[in-house]
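Student: I have a structure open in front of me and would like to learn how to read it. Could you walk me through some features?

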Amino acid sequence: MADMAANCTSCGECVRPCSFLQHQGTPLTIAQQGATDRNLLAAYGCSLCGLCDAVCPEGLSPSDMLLGMRQEAATRGLTDLKKYAPWLNYEKLGASLFFRRDLIPTGCTTVFFPGCSLPGTRPDAVLELFKRLRLMEPTAGLVLDCCGKISHDLGLTDHFTALFGRLSKRLRHKGITRILTACPGCSKILRNHGEEFDVTSIYEVLAACTAPSRPASPLKVVTIHDPCPARFDPAQQAAVRQLVQSCGYRIEELPSHGTTTRCCGQGGMVEGCVTSTIKQESGVIAAEAAGRPVISSCASCSDSITTATPAGHVVDLLFSKTDFSAKPVSSARRWLNRLKLRCARLT
Ligand code: SF4
Ligand code: SF4
């Protein structure tokens, strides 16, 4: 807060694209209000999307300040955990022995870590990705677990540290040095907190051995939604585009893409504080897409956007599922899908 109070010029660049800041005022205003209980709790209305960081001409990070405010609120016991129980229970169950799995063969140093959303919505694609990886790296392993992003983003630092510490210690003890992710949220968490690991998205690995592009059909046009956690990850963004083009699609970019991509409305569990953000934010993305299917590398983003306009995941294109009218997968079905993966026969 002190850094923001000293350096924010209130230029308004970050306020223009952000409904949260339009309501709260510039980051300088927020910082000047200080660490009152009310001000700290207001930070739960920010999706932690990082768009403000991308546009700030002073190189400031309002999103870091707002995460710090959440952490302070949680430390003071102000955070209403009951409100976030559905997310916290999802994280707890996903990290439990019922859904965790380590398939780490002898000599394995690289594992595929698909996260929670992709296994819940597309278990067959996870298996297919793993199969393709195994063709390239026969000793690659598979780890099903939770990276702890929910606790992290809610500011529950102790809980996140315990959860992430358990995961990283286990992988370290098993000799893992490289982690391939499918979820951009996991990538960001693992990179920022698991410095000992080389973290790369599986899309980059696949793109590196995929022909640059097939001739695009004029009828197959899609747009790309870059997930917020991949905002500052040009390698992942480029790999996703290469994979989409390799399936014969022509990409027409959204006005908001790359570093200035917009949140789908699910970031930071903001719906626990401000309901209807998914409808509102995905509606903005849908308006930019203007009827063209929206492809993302985040299964949660795809789910949000599909409530407003046809959307899909890059793996849908890779595995020839091009019906963009699919509805979000129900919660019960997600758990069954994850159980299916947990129990799938793999060697
Ligand atoms: S992180 Fe996103 S929602 Fe939060 S203040 Fe910045 S632009 Fe707004
Ligand atoms: S863009 Fe940077 S300097 Fe301008 S109001 Fe936002 S935080 Fe302050």
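Tutor: Gladly; we will go through the ligand site, the aromatic rings and a sheet. Keep in mind that this is a predicted model.

Student: Let's begin with the ligand. Which residues surround ligand 1?

Tutor: A good way in is to list the shell and then ask what kind of residues it holds. Around ligand 1 you will find Cys18, Phe20, Leu21, Cys46, Ser47, Leu48, Cys49, Gly50, Leu51, Cys52, Ser63 and Leu66. By type, the shell has 9 nonpolar residues, 3 polar and no charged.

Student: Which helices each supply at least two residues of that shell?

Tutor: Those are helix H2 (19–24), helix H5 (51–55) and helix H6 (62–75).

Student: Now the rings. How do I describe an aromatic pair?

Tutor: You describe a pair of aromatic rings by how far apart the centres are and by the angle of the planes. The whole structure has 5 aromatic pairs. In one of them, the rings of tyrosine 84 and tryptophan 87 have centres 5.8 Å apart and planes at 45°, so this pair is tilted; the tilted class lies between stacked, under 30 degrees, and edge-to-face, over 60.

Student: Are tyrosine 84 and tryptophan 87 buried or partly exposed?

Tutor: Tyrosine 84 has a relative accessible area of 2%, so it is buried. Tryptophan 87, at 24%, counts as partly exposed. Another tilted pair is made by phenylalanine 99 and tryptophan 335, with 4.7 Å from centre to centre and 50° between the planes.

Student: Where in the chain do the partners of that second pair sit?

Tutor: They come from distant parts of the chain, 236 residues apart: phenylalanine 99 is in the loop between helix H7 (85–94) and strand E1 (101–103), while tryptophan 335 belongs to helix H18 (residues 331–343). Phenylalanine 99 is buried at 10% relative accessibility, and tryptophan 335 is buried at 18%.

Student: Which rings does arginine 338 lie over?

Tutor: Arginine 338 lies over the face of tyrosine 90, 5.4 Å from the ring centre. Arginine 338 also lies over the face of phenylalanine 99, at 5.8 Å.

Student: Finally, how should I read the sheet?

Tutor: Start with the strand order, then look at the edges and the pairing. Here an open sheet of 5 strands runs E1-E3-E2-E4-E5 with mixed pairing. Its edge strands, E1 and strand E5 (198–201), each pair on one side only.

Student: How do strand E2 and strand E3 run?

Tutor: Strand E2 (residues 110–113) and strand E3 (residues 141–144) run parallel, joined by 2 bridges. Look for valine 111, which stands opposite glycine 141 in E3.

Terms used. Residues are numbered from 1 along each chain as its sequence is written. Chains are lettered from A and ligands numbered from 1 in the order in which they are written. This is a predicted model: local features need pLDDT of at least 70, side-chain atom pairs count only at pLDDT 80 or more; totals for chains, interfaces and linings use all residues. Side-chain values use heavy atoms; hydrogens and water are left out. A residue is near a molecule or strand if one of its heavy atoms lies within 4 Å of it. Helices (H or I, at least four residues) and strands (E, at least two) are DSSP runs, numbered from the N terminus. Ala, Val, Leu, Ile, Met, Phe, Trp, Tyr, Cys and Pro count as nonpolar, Asp, Glu, Lys and Arg as charged, and the others, Gly among them, as polar. Rings of Phe, Tyr and Trp (its six-membered ring) pair if their centres lie within 6.5 Å; planes under 30 degrees apart count as stacked, over 60 as edge-to-face and the rest as tilted. Buried means under 20% relative accessible area, exposed over 50%, partly exposed in between (1.4 Å probe, protein chains only). A charge sits over a ring if NZ of Lys or CZ of Arg is within 6 Å of the ring centre and within 35 degrees of the ring normal. Two strands pair if DSSP finds at least two bridges between them.
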